[in-house]
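Me: I am new to this structure and would like a close look at a single part of it. Please take one residue and follow its surroundings in one connected account.

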Amino acid sequence: MKRRLAREIAVQCLYHMEMNEVQAEEAVTMLLTEAAGENEGEVKVKDLEGAKAFVLELVAGTWDRKAAIDGLLTEYLKGWQISRLSKVDRQILRLAAYEMIFREDVPGKVAVNEAIELAKHFGTAESGKFVNGVLGKMIQDVDQLKAKL
């Protein structure tokens, strides 16, 4: 499974978890099974276990650090509160912040670009620009943010 598709599923899982108060494992299993059944992105059943591990790592990592990530995002949301963001934009920003700050295998620019594409795909017409603005400011401080946490 390509990482972009894994990120799409991760955003959907985070959204599902926030809306339905389910655990990461349950959300990931449900959405991967659904994706394989619909064959979105040409997911092959034999890829499910490997994909599940990666998606679960993204989802659980983001969710477990949600409070810290939201605290950081609040500093970069000029004139906005995290609770007032659309639920989709909020999950995309959380996932991107998690990848930028807590994962060493994802360059910050990649996390930002992927988040912009996810926002264009799942969000409103303005979501891509909004996500770019927030994460563009954050990436400038990524080294200090990593040291802070």
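Reply: What follows is a close look at Arg94 and the helix that holds it. This is a predicted model, in which local features need pLDDT of at least 70 and side-chain atom pairs count only at pLDDT 80 or more, while totals for chains, interfaces and linings use all residues. Residues are numbered from 1 along each chain as its sequence is written, and side-chain values use heavy atoms, with hydrogens and water left out.

Arg94 lies in helix H5, which covers residues 87-102; helices here are DSSP runs (H or I, at least four residues), numbered from the N terminus. Among the elements of the chain, H5 has the highest mean pLDDT, 97, and H2 the lowest, 86, where pLDDT is the predictor's confidence in each residue, from 0 to 100.

With a relative accessible area of 5%, Arg94 is buried, a word that stands for under 20% relative accessible area (1.4 Å probe, protein chains only). Its side chain is joined to that of Glu18 by a polar contact of 2.7 Å, meaning a pair of N or O atoms within 3.5 Å, where within protein one must be able to donate a hydrogen and the other to accept it, and residues adjacent in sequence count only if both atoms are side-chain atoms.

Leaving aside neighbours within four places in sequence, Arg94 is in contact (heavy atoms within 4.5 Å) with Glu18, Thr62, Trp63, Lys66, Ile69, Asp70 and Leu73.

Methods. Helices (H or I, at least four residues) and strands (E, at least two) are DSSP runs, numbered from the N terminus. Buried means under 20% relative accessible area, exposed over 50%, partly exposed in between (1.4 Å probe, protein chains only).
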